[in-house]
Amino acid sequence: MLIRIPRRSEPRSSEITPESVWRERRRFVEAMGLSGIALAAPGLAAAAHRQDALRVLKGVHPSQWKVDEPVNSFKDITHYNNFYELGTDKRDPARFARHLKTRPWSVVVDGLCEKPTRFDIEDILSSFPLEERIYRLRCVEAWSMVIPWVGFPLSALLDRVRPLSSARYVAFESIYDPKMLPGQKRRVLDWPYREGLRMDEARHPLTLLAVGLYGKELPGQNGAPIRLVVPWKYGFKSIKSIVRIRLVDKQPPTTWNLIAPEEYGFYANVNPEVDHPRWSQKKERRIGEFLRRKTLMFNGYEEEVASLYAGMDLNRYY
Ligand SMILES: Nc1nc2c(c(=O)[nH]1)N[C@H]1C(S)=C(S)[C@@H](COP(=O)(O)O)O[C@H]1N2
Ligand SMILES: [Mo]
């Protein structure tokens, strides 16, 4: 048998926080009125200097959308990231997150709609009811995590601008500011990072605009101040630090699809039956666990989303 030596960037399973433990801890913290202070608990202590600087989000409601699996620790979720604007190593985003200034910040929603609008991030935070949702995130690189997001459905924001019936796709753009973001000084990607969804995918109730995690505002490395979360698609569809959302009539160009179209499709639905050309997608490594687990069709959200793709050849539309 091979003995697998964990890489330095891999957290140990002891760092994974079962949801019950985290909830208990949070109830205690809330009861003590300590929410502004870092959660004083073993396992979180190492990240405390970052976590305690984050604002607690007010009026967050629990949601029906929660997977029944242990959530990853705050440390895992914030120290094993893909965010090329802040560097290409998994540890770079945490290291360079301070370069990302998130105030002032606004999101322009325009294109094929009756009321194109620039939303200030503070207005977004105060005017959309926030929910906590526990979703799986499955990266195309065959690792996964379970993350307690705070956010609201993208459809609520789209409703505000009154999309026209000619709007068939939604195009998203991340911040572009090479002076500020160290990773954008090099053209590793064709900046700004871009993503897109078909209108029915964008309006699906699972499609979330996340503004926080673990009850607090998003840390920079996770895409502050606002990012998309599409739980049935590979992680790269969940675009971070969004500044523009455009309603369009044609399928928009997307970053990874532009770089390697045969490896990264527009749909990018999690699918154990369709391998990436260079590796299998049948299994995944849950960050914090030792044995690999089976990847689920649509990342476990088959019941909710399979009907969106009825009649489509998923080998062709990968
Ligand atoms: N703007 C931007 N968004 C991005 C990325 C990126 O490099 N830039 N990486 C994507 C990839 S590949 C993944 S797996 C997820 C990771 O999200 P997380 O770090 O919050 O887990 O963000 C996605 N969104
Ligand atoms: Mo990813």
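Select the shell around ligand 1 to begin, and colour it by residue class: seven nonpolar, six polar and three charged residues appear there. The model on screen is a predicted one, and every stop on this tour should be read with that in mind.

**The ligand site**

With the shell still selected, note that ligand 1 is surrounded by 16 residues, of which Asn81, Tyr84, Glu85, Ser174 and Lys240 are the closest. Three side chains are worth labelling one after another. In Asn81, a polar side-chain atom sits 2.8 Å from an oxygen atom of ligand 1. In Glu85, the partner is a nitrogen atom of ligand 1, and a polar atom of the side chain lies 2.8 Å from this nitrogen. Move next to Ser174, where an N or O atom of the side chain is 2.8 Å from a nitrogen atom of ligand 1. If you now switch on a surface, bear in mind that ligand 1 on its own has 540 Å² of accessible area, and that the protein covers 98% of this.

**Helix α3**

Select residues 74-79, which make up helix α3, and centre the view on Phe74 within this helix. How far apart in space are the C-alpha atoms of Phe74 and Tyr214? The separation is 7.4 Å, although the two residues are 140 positions apart in sequence. Phe74 has a relative accessible area of 2% and is therefore classed as buried, the limit for that class being under 20%.

Add Thr78, which belongs to helix α3 as well, and draw a distance from its side chain to the backbone of Phe74. A polar atom of the Thr78 side chain lies 2.6 Å from the backbone oxygen of Phe74. Thr78 is buried too, with a relative accessible area of 1%.

**The cavity**

Hide the ligand for the next stop and look for enclosed space in the protein. How many cavities of 30 Å³ or more does a search of the whole structure find? The search finds one, and the largest cavity holds about 40 Å³ of space. To display its lining, select Arg136, Leu137, Arg138, Val229, Val230, Pro231, Lys233, Gly235 and Ser238. By class, this lining divides into four nonpolar, two polar and three charged residues. Strand β4, which spans residues 130-138, gives the most to the lining, with three residues.

**Two cis peptide bonds**

Most peptide bonds are trans, and the next two selections show the other arrangement. Start with the bond from Trp191 to Pro192, which is cis, with omega near -5°. Pro192 is in the loop that runs between β6 (169-174) and β7 (194-198). Is Pro192 buried or exposed? At 15% relative accessibility, Pro192 counts as buried. If you add Phe172 to the selection, its C-alpha atom is 9.8 Å from that of Pro192, with the two positions 20 residues apart in sequence numbering.

Go on to the bond from Ala224 to Pro225, which is likewise cis, here with omega near 0°. Pro225 is found in the loop between β9 (216-217) and β10 (227-229).

**Two positive phi angles**

For residues other than glycine, a negative phi is the usual case, which gives a reason to inspect the following pair. Select Ser241, in the loop between β10 and β11 (242-248); its phi is near 45°, a positive value in a residue that is not glycine. Ser241 has a relative accessibility of 0% and so counts as buried.

Then select Ala268, which is placed in the loop between α8 and β12. Its phi is near 50°, again positive in a residue other than glycine. Ala268 is buried, with a relative accessible area of 4%.

**Last stop: Trp279**

Stay with the loop between α8 (255-259) and β12 (283-286), and move along to Trp279, which is also found there. Which residue, 138 positions away along the chain, has its C-alpha atom 8.6 Å from that of Trp279? Select Glu141 to see this partner. Trp279 has a relative accessibility of 26%, so it counts as partly exposed, the range for that class lying between the under 20% of buried residues and the over 50% of exposed ones.

Note on methods
Residues numbered from 1 in each chain as written. Chains lettered and ligands numbered in written order. Predicted model: local features only at pLDDT ≥ 70, side-chain atom pairs only at ≥ 80, totals over all residues. Heavy atoms only, no water. Near = heavy atom within 4 Å. Polar contact = N/O pair within 3.5 Å; in protein donor to acceptor, adjacent residues only side chain to side chain. Areas by Shrake-Rupley, 256 points an atom, 1.4 Å probe, with all protein chains shown as cover. Nonpolar A, V, L, I, M, F, W, Y, C, P; charged D, E, K, R; others polar. Helix = DSSP H or I, 4+ residues; strand = E, 2+ residues; numbered from the N terminus. Buried < 20%, exposed > 50% of the residue type's maximum accessible area, 1.4 Å probe, protein only. 1 Å grid on protein atoms, 1.4 Å probe; cavity = no way out; pocket = protein on both sides within 12 Å on 5 of 7 lines; lining within 4 Å. Points joined across faces, edges and corners; volume = space filled by probe spheres on them.
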